Amino acid sequence: MNIPFVNFSPMHDEISKEIEDKFKTIYKNNWFILGKEVESFEDEFSDYCGVKHCIGCGNGLDSLHLMLRAAGIGKGDEVIVPSNTYIATVLAISYVGAKPVLVEPNINTYNINPDLIEDSITSRTKAIMVVHLYGQVAQMDKIMKVAEKYNLMVFEDCAQAHGAKFKGKVVGTFGKASGYSFYPGKNLGALGDAGAVLTNDDDVCEKVRALRNYGSNKKYYNEYQGYNSRLDELQAGFLSVKLNYLDKWNEDRKKTANIYSKGMVNNEIEKVQVIEGSNPIWHIYPIRCKNRNGLQQYLKENGVNTLIHYPVPIHLQKAYENLGIKKGALPISEKIANEVLSLPIWYGMKPNEIEYVIDKVNKWNRKA
Ligand SMILES: *Cc1c(COP(=O)(O)O)cnc(C)c1O
């Protein structure tokens, strides 16, 4: 058996006719940037999440960058951010000239440890950037409490958490604004690059709308030195088709994750701890193993393809040498980088494929 890490076919086979029709409609309309399709998708996605505004952007990184700039985060500000995240979260903070202050995750949930946030707050701290990593939900009740106590803005990076919920509320709706990525491999993925900002704040909305389009809300009148980061009509149209299936696709991943979690009994493997009251969407299925590289090699030899999210923590990336954080300073993030492994999970995985992965993981040789 050969099990790819990800397989789009079951998802895309199901909607190929709808996608083709959508393409034909847009092609005939001859309108490709900021039109009806973008407006519809923005309405649909904000409805789905239960938030006032959605503003389509060119990609996830831009959505994070533009929302921070629109909210007035900038030079001299500090933004608290989990040290275990994809680099885009931190880059967005750097882009606006603010300083990312890395806070360690909980080793079992992989998300920011809310009990460590308070220690990192200074007189310059302006905001907390939450990440719902791996599709697992961050501890929003505790995080909002700290933010309120210190009067900090809360932003959410929801690039891996489309449709995930905390106590019945969809992520990306808790704070000032949130950023989404629709990179093809995300749970809600376009057929190319795409992203969006969600917010309940009218001013932030207005400003992101302008910033994504050269800083202009009226053609050829520029209020800000903005960017070109628009969601295009084709991607918006495809996303509208896919949004109708998101819950079904997430539900299927959840079923697979539950079978994995029940079936994997190898005591060399640590499974993720799902926080109480949360409904994660299993963007990836992470496990931890002391001999991770050995396990990955063994699985590969047995036809099970895995990836590592992520092999190098932010503070040890060359790009972030300037933070001056030495190796050993963020031991939990470093341990995760050394031990984490993502197992195959995608919509439409067959029962025998799921069982095969479980069987191989369970047979992983303890002494290897
Ligand atoms: C994918 C991702 C992003 C960036 O999204 P792009 O669309 O690739 O720019 C940001 N944050 C996290 C956590 C991501 O996984």
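Which residues form a nonpolar patch on the surface?

## Nonpolar surface patch

In this predicted model, Phe-23, Tyr-27, Phe-32 and Ile-33 together make up a nonpolar patch on the surface, and their combined accessible area is about 390 Å². One of these residues, Tyr-27, belongs to helix H1, which spans residues 9-29. Tyr-27 counts as exposed because its relative accessibility is 53%, and the cut-off for that class is over 50%.

## Negative surface patch

A patch of negative charge is also present on the surface, formed by Glu-39, Asp-43, Glu-44 and Asp-47. Glu-39 is located in helix H2, which covers residues 36-49. With a relative accessible area of 53%, Glu-39 is exposed.

## The three-stranded open sheet

Three strands form an open sheet in the order E7-E6-E11, and their pairing is antiparallel. Strand E7 (169-170) and strand E11 (278-279) occupy the edges; each has a single partner strand, so one side of each is left without a neighbour in the sheet.

Strand E6 consists of residues 165-166 and is joined to E7 by two bridges, the two strands running antiparallel. Within this part of the sheet, Lys-165 is placed opposite Val-170 of E7.

## Pairing of strands E12 and E13

Strand E12 (residues 285-288) pairs with E13 in the antiparallel sense, and four bridges connect the two. Ile-287 has Leu-341 in E13 as its bridge partner.

Which residues of strand E13 point one way, and which the other way? In this strand, which comprises residues 340-343, Val-340 and Ser-342 point to one side, whereas Leu-341 and Leu-343 point to the other. All four of these residues are buried. Leu-341 thus appears in two descriptions: as the bridge partner of Ile-287, and as one of the buried residues of E13.

## Tyr-180 in strand E8

Is Tyr-180 buried or exposed? Tyr-180 is part of strand E8, which runs over residues 177-181. Its relative accessibility is 0%, so Tyr-180 counts as buried; the cut-off for this class is under 20%.

Tyr-180 is separated from Ala-190 by ten residues in sequence, and the C-alpha to C-alpha distance between the two is 12 Å.

Conventions: Residues numbered from 1 in each chain as written. Predicted model: local features only at pLDDT ≥ 70, side-chain atom pairs only at ≥ 80, totals over all residues. Heavy atoms only, no water. Patch = residues over 30% accessible without salt bridge, like charges linked within 9 Å, V, L, I, M, F, W, Y side chains within 5 Å. Areas by Shrake-Rupley, 256 points an atom, 1.4 Å probe, with all protein chains shown as cover. Salt bridge = Lys/Arg side-chain N within 4 Å of Asp/Glu carboxyl O. Lys, Arg positive; Asp, Glu negative; His and termini not counted. Charge placed at Lys NZ, Arg CZ, Asp CG, Glu CD. Buried < 20%, exposed > 50% of the residue type's maximum accessible area, 1.4 Å probe, protein only. Pairing = 2+ DSSP bridges.
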